[in-house]
Amino acid sequence: FDAQNELMQNIVMEGCEAIDAGSKIALLGGVQINTPEGLPDYFMPLKFELRDHNGLMVENLLWRDSRKSKRTPQSQRRRRRKVD
């Protein structure tokens, strides 16, 4: 997934300038598990986010909480520090 995610990020950063201001890019990525015939395949989403026309993340939809419109994974929250 990491190699494909990096490729997807590069494509977005190269092409985001072609997107009109105010428009958004939706990214969905994960792992597809193919099973034998007769059994259902599985998809495990690892990324689902909206980005703006500059390629910056606007909303992380994978971590969406019904109580909040935006939520980031705990690992990203720890990196943010309050600036007074």
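Mentor: Two strands are said to pair if DSSP finds at least two bridges between them. Please keep in mind that the structure above is a predicted model.

Trainee: Which residue in β2 does Leu 27 stand opposite?

Mentor: Leu 27 lies within β1, the element that spans residues 25-33. β1 pairs with β2 in the antiparallel sense, over nine bridges. Across from Leu 27, in β2, stands Glu 49.

Trainee: Which elements give two or more residues to the largest nonpolar core?

Mentor: That core has five residues in all, namely Met 8, Val 12, Cys 16, Ile 25 and Leu 27. Met 8 is also in contact with Leu 27, Leu 28 and Lys 47, once its neighbours within four places in sequence are left aside. The elements that contribute two or more residues to the core are α1 (2-15) and β1 (25-33).

Trainee: Does Met 44 count as buried, partly exposed or exposed, and why?

Mentor: Met 44 has its place in strand β2, which covers residues 42-51, and together with Phe 1 and Leu 46 it forms a nonpolar patch on the surface, with about 260 Å² of accessible area together. Buried means under 20% relative accessible area and exposed means over 50%. Because its relative accessibility is 44%, Met 44 counts as partly exposed.

Trainee: What is the phi of Gly 55 in the turn between β2 and β3?

Mentor: β2 and β3 (residues 57-60) run antiparallel and are joined by three bridges, with Arg 51 standing opposite Met 57 in β3. The two strands form a hairpin with five residues between them, and in its turn Gly 55 has a positive phi of about 85 degrees.

Key:
Residues are numbered from 1 along each chain as its sequence is written. This is a predicted model: local features need pLDDT of at least 70, side-chain atom pairs count only at pLDDT 80 or more; totals for chains, interfaces and linings use all residues. Side-chain values use heavy atoms; hydrogens and water are left out. Patches are made of residues with over 30% relative accessible area and no salt bridge: like charges are joined within 9 Å, nonpolar side chains (Val, Leu, Ile, Met, Phe, Trp, Tyr) within 5 Å. Accessible areas come from the Shrake-Rupley method with a 1.4 Å probe; for residues, only the protein chains shown count as cover. A salt bridge is a side-chain nitrogen of Lys or Arg within 4 Å of a carboxyl oxygen of Asp or Glu. Helices (H or I, at least four residues) and strands (E, at least two) are DSSP runs, numbered from the N terminus. Buried means under 20% relative accessible area, exposed over 50%, partly exposed in between (1.4 Å probe, protein chains only). A nonpolar core is a set of buried Ala, Val, Leu, Ile, Met, Phe, Trp, Tyr and Cys residues joined through side-chain atoms within 4.5 Å. Contact means heavy atoms within 4.5 Å.
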